[in-house]
Structures are given as C-alpha cells and as structure tokens.
Amino acid sequence: TALPENGVPKPQNDQTAPLHSSGAANGTDWEAMAQFARLCGMILSGAFFTSSNIHLHRKLKRNRKQMEIPQCPLPVYLTDSLPSPCLYGIGKPVIYVTPESLFDKKRTEYVIAHELTHHRQKDHIWSVVRILCLCTHWFNPLVWLAAVLSRRDSELACDEGTLHRIGRENRVEY
C-alpha cells in the first residue's frame with residue numbers, strides 16, 4: 001500500500017472516533033446533557049407557573065363576591081386576596097378589585113377603566129406569551145429582565161390608554 005501524500009497512514013477501520021466538542025470519544029455526550037438540562041428546566045418552570053396559577057385561581061374563586069358594575073363588559077369580582085386590582089384569565093377574563101379600590105365612586109371608575117384598557121390591549125394574552133418565553137429560556141437572565149420590563153411597559157401603556165379614555169383633565173386625580 002502506498003502512503004498518502006503527507007506520509008501519515010490512514011486508519012484501517014472505523015473504530016477510531018474523531019475527537020470533537022461533544023465529548024463522545026471519552027463517553028460523555030455534553031450536548032445531550034445540555035439538552036436534557038434545558039428540557040428539565042422548561043418542565044420545572046412550566047410546572048411552577050402552572051401550579052402558581054392554579055393555586056391563585058382556586059384562592060380567588062373561594063374569596064370573591066360578584067359585583068354589578070353597569071356598562072362593564074367583563075364580570076367584576078371583589079376580593080381581598082390580592083394586593084391590587086387585576087385582570088385575570090385567558091378565555092373568559094374577569095376583573096378583580098380590592099376593597100381599597102371601592103373607596104369612592106371615582107376611584108372605582110378609574111380602576112375599572114384601567115383594567116378594561118388591559119383587556120383591550122390583550123395584556124392577559126401577552127402575560128401568557130411572557131410566561132412561555134420564560135419557560136423556554138429559563139436559563140437566560142436577559143429574558144427574565146425582558147419579561148420584567150415588558151410587564152412594566154404594559155402598565156405604562158395601560159395608564160396612557162386609560163388617561164386617553166377618561167380625559168387628560170383627570171390626570172392628577174387618576
């Protein structure tokens with residue numbers, strides 16, 4: 001047999017595995033381990049967000065009273081289980097208000113207007129998108145920061161939209 005041009009003989013069988021970054025030559029498949037860790041993180045973070053929402057949903061259903069708010073297209077419930085009013089739910093979202101938000105008629109009107117603005121802007125759906133991004137990229141701190149900033153921007157846009165609807169002259173009172 002003739003030697004190749006560089007003078008180094010080629011291996012005769014396929015038993016010799018090339019060395020590469022996956023580490024398969026020494027029995028460790030780092031890429032498979034990384035994919036497994038990422039999948040486990042996705043499952044754990046998904047389970048965390050799901051169980052948190054199930055727990056909150058049950059708590060809210062136990063501690064709520066339906067309110068009659070004329071001209072409001074969404075059901076409104078009073079609860080003392082939340083630190084502040086919110087829009088909650090995906091398929092059939094509802095508005096939850098706190099006892100503090102019923103302090104006077106104007107305040108209640110502004111709270112309902114604010115939550116309806118969240119509904120018009122589809123913020124309840126964007127919240128799910130943020131959660132999906134966090135579950136998919138649970139290991140990336142920049143995605144967590146983006147989710148926090150997105151939530152803040154959602155609130156600022158909602159305040160702006162609410163002021164537009166109730167009138168700029170009510171800005172200070174709002």
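**Rings and helices**

User: Hi! What is the relative accessible area of Tyr 174?
Analyst: Tyr 174 has a relative accessible area of 28%, so Tyr 174 is partly exposed (buried is under 20%, exposed over 50%, partly exposed in between, with a 1.4 Å probe and protein chains only). This is a predicted model: local features need pLDDT of at least 70, side-chain atom pairs count only at pLDDT 80 or more, and totals for chains, interfaces and linings use all residues. Residues are numbered from 1 along each chain as its sequence is written, and side-chain values use heavy atoms, leaving out hydrogens and water.

User: Cool. How many aromatic pairs are there in the whole structure?
Analyst: The search finds 6 (ring centres of Phe, Tyr or Trp, by its six-membered ring, within 6.5 Å; planes under 30 degrees apart are stacked, over 60 edge-to-face, the rest tilted). One of them joins Tyr 110 and Tyr 174, edge-to-face, with 5.9 Å between centres and 80 degrees between planes. This pair links distant parts of the chain, 64 residues apart: Tyr 110 sits in helix H2 (residues 105–120) and Tyr 174 in the segment after helix H4 (141–166). Helices are DSSP runs (H or I, at least four residues), numbered from the N terminus.

User: And is Tyr 110 buried or exposed?
Analyst: Tyr 110 is buried, at 5% relative accessibility.

User: New topic: at what angle do H3 and H4 pack?
Analyst: Helix H3 (residues 123–136) and H4 pack at about 170 degrees, with axes 10 Å apart (axes are lines fitted to C-alpha atoms over the stretch in contact, and angles run from 0 to 180 degrees between N-to-C directions).

User: Which residues of H3 make the contact?
Analyst: Asp 123, Arg 130, Cys 133 and Leu 134, where contact means heavy atoms within 4.5 Å.

How values were computed
Helix = DSSP H or I, 4+ residues; strand = E, 2+ residues; numbered from the N terminus.
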